[in-house]
Structures are given as structure tokens and as C-alpha cells.
Amino acid sequence: MSDLTATCHVACVLREPLARSLGFVAWYLDLGVDRIELYFDDPADPAIPLLEPLPQVVIHRGTEELWKQLGTSADAPFVKRQNAALSTAYAASDADWFLAVDCDEFVWLADRSIGAFLGVVPADVPAVRFTTAERVQTPGQEGQWFRIPVGRNIIRQNCGEAAFFLAPRGGLVGHADGKSATRTGLPFDRVRQHWVVGADGQPISGLTVGLAEQALLLHFFDDGYDRWRGKLDWRAGAWGFPRRVAEHIISLRDLPADQAETGRS
């Protein structure tokens, strides 16, 4: 680290439409990330030949051989394969900081680069958690709109029956855990989706930043009804939802599209 600028390594396991994958890389290059390591779940993903020539991008194709090398298998649950890939990336990182994000998650830092932001984090802080700001659709309104986690009393007052499902996540439909940038070289057990787990089995924690610091994780969880419905089975079985939410999602799966869209939460 020099001149209060840190280096940052981003890693992601992805299977997304071409435009989303390209946009993800463009965003983090613009943010000043030094290395973007991509594990493509589809070894023939059309984004691979377009991104592979970029010097800051490292490509891994999700072949049977790759997953075996990472200590798992191609037919293992996605989350297990994801954690195996991210753990390998963290262990080998030579940057100052490591950040694991999904392809629909974009760290926003107002007018700062990620290197400048992380470069002034106190030396005794091992990790920085970015609060989730979840994109919401606002027909008829210009620009992008986001919601951040709020208290349970606000959710109960405003969300009706949906409060039962939304309260555990601060009113968000996706996760409210945010994502953590973690210093590299720390003793660790594994990397999970939201944080690095230390050698003691506990998440490595430090600062949490959000709207007040103009530092957020923009989560484009709602990418339109068709894509949401197309991922119902995956979301219900990917360990990303509490049981009661997963059961609710499964109950919507077989409804006619207009009813399911009305019942979506």
C-alpha cells in the first residue's frame, strides 16, 4: 500500500446473460479494482472470449476438472461450489484486500476508487462490510431507486402480510447481510458468500459502512419478473432463504403468471 491507496481483488462465480457479465466487469474496472477473478459456471459462456484478453481479468471455466481441483464436483450444490472457488481465490490473493460479490452486486463509493476508500481504513480493521441497497422497480420514475434495511416496526407498519417474510431481512427481498472486503493473508477457515470465516469459525468482522459513508452494495436482485420466475427453483434450493421464505416461493411457482406476480414479495 502506498499513498493511501490499496490494491483490491474481486472474485465472482457466475452464470449470467452476456450483458450482465460484461457490465459487471466494466463496473469494477471503473471502480479501480486491480484483479477480477471470474469462475464461469458454464465453461462455454459467451463472455469468456470477450473478457479473457483483459489483463486485469482472470478466467476459470467451470469444468468437471476445475471443480475437482477445488475439492468439490460439478453436481454439488451451487453454494458449495461457490464457497470452494472463493476460498481458493482468497488463499492465493496477493492484493491488499479481497472482495467476493455476485454478478448482480455493485459496490458504490460515490466519487472514490475502491483503492482510495480501502487505503484509509485503519490498520487494525480486518474487514469492511458494505450495507445492501436493493434496487426496486419504480415504473414511471426516472433513474434507479434503491431501498436499504429498516427496523422491524417500520416493516410491520407498511408491509402488511408480507412483513412476516420481510422482517428478518430488514424489509429487503434479497439479502440484508451486505458483502465484506477483507484484508488478505489472515488465518481463515473458508470464504462464504458474505464474509470470510476466520480460523476460529467466526466471520471476520470490522467496520460496517452504508449511506452515511456513501459506501453501499447496490444489489440488482429484481431484474424483471421473467428472470425472477425463471430462478424460482434455484432460489428456493440455494440455501439463500430462510425456510419459511423458501416455502412461500415454492407455493408461488405453479401459479399463473399474473397471480404469481401479484403474490411476489
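In strand S13, the bridge partner of alanine 133 is leucine 218. This pair belongs to a predicted model, and it offers a convenient way into the architecture. Alanine 133 sits on the S7 side of a parallel pairing, in which strand S7 (residues 132–136) is joined to S13 by three bridges. Leucine 218 also stands opposite phenylalanine 106, as part of the antiparallel pairing of strand S5 (residues 105–108) with S13, a pairing that runs over four bridges. Strands of a sheet pair through backbone hydrogen bonds, and the sense may be parallel or antiparallel; S13 takes part in both kinds, parallel with S7 and antiparallel with S5. The side chains of strand S13 (residues 216–219) alternate: Leu216 and Leu218 point one way, Leu217 and His219 point the other way, and all of them are buried.

A wider view of the protein chain helps to place these strands. Eleven helices and 13 strands are found in it. Of its 265 residues, 46% are buried. Among contacts with a separation of 6 or more, 67% come from residues 24 or more positions apart. The chain exposes about 13,300 Å², and carbon and sulfur atoms supply 52% of that area.

Seven of the strands form an open sheet with mixed pairing, in the order S3-S2-S1-S4-S9-S6-S12. Its edges are strand S3 (57–61) and strand S12 (207–209), each of which pairs on one side only. From one strand to the next, the twist averages 20°. At the S3 edge, strand S2 (residues 35–40) runs parallel to S3, and five bridges join the two. One point of reference in that pairing is glutamate 37, whose bridge partner in S3 is valine 58.

Two helices can be placed against this sheet. Helix H4 (residues 78–92) packs on it and touches S1, S2, S4 and strand S9 (179–183), with a direction that makes about 160° with that of S1. Helix H1 (residues 18–30) lies across strand S1 (8–14), S2, S3 and strand S4 (97–100), and runs at about 160° to S2.

The geometry of H4 is easy to check. With 15 residues at 1.5 Å a residue, H4 should span 21 Å, and its end C-alpha atoms are 21 Å apart, so the expected and modelled values agree. H4 is also mostly covered, with eleven of its 15 residues buried. Among the buried residues are Phe78, Val79, Arg81, Gln82 and Asn83, along with Leu86 and Tyr90.

Serine 87, which lies in helix H4, shows how this helix meets a distant part of the chain. Its relative accessible area is 14%, and because the cut-off for burial is under 20%, serine 87 counts as buried. Beyond residues up to four places away in sequence, serine 87 touches Phe188, Arg190 and Val191. The C-alpha atoms of serine 87 and valine 191 are separated by 4.7 Å, although the two residues are 104 residues apart along the chain. A polar atom of the serine 87 side chain lies 2.8 Å from the backbone nitrogen of valine 191.

Helix H1 supplies two further examples. Serine 21 has its place there and is buried, at 1% relative accessibility. Leaving out residues up to four places away in sequence, serine 21 touches Leu14, Glu16, Phe40, Ala47, Leu51 and Cys103. Arginine 20, likewise in helix H1, counts as buried at 15% relative accessibility. With the same sequence neighbours left out, the contacts of arginine 20 are Cys103, Asp104, Phe106, Phe220 and Asp223. Arginine 20 and aspartate 104 are 84 residues apart in sequence, with a C-alpha to C-alpha distance of 7.6 Å. The list also leads back to the opening of this section, since Phe106 is touched by arginine 20 and stands opposite leucine 218 in S13.

At the other edge of the seven-stranded sheet, threonine 208 lies in strand S12. Threonine 208 has 54% relative accessibility and therefore counts as exposed, the cut-off being over 50%. Apart from its neighbours within four places in sequence, threonine 208 is in contact with Arg129 and Thr131. Between threonine 208 and alanine 127, which are 81 residues apart along the chain, the C-alpha atoms are separated by 8.6 Å.

Conventions: Residues numbered from 1 in each chain as written. Predicted model: local features only at pLDDT ≥ 70, side-chain atom pairs only at ≥ 80, totals over all residues. Heavy atoms only, no water. Pairing = 2+ DSSP bridges. Axes fitted to C-alpha atoms, helices over the stretch in contact; angles between N-to-C directions. Contact = heavy atoms within 4.5 Å. Buried < 20%, exposed > 50% of the residue type's maximum accessible area, 1.4 Å probe, protein only. Polar contact = N/O pair within 3.5 Å; in protein donor to acceptor, adjacent residues only side chain to side chain. Areas by Shrake-Rupley, 256 points an atom, 1.4 Å probe, with all protein chains shown as cover. Expected span 1.5 Å × (residues − 1).
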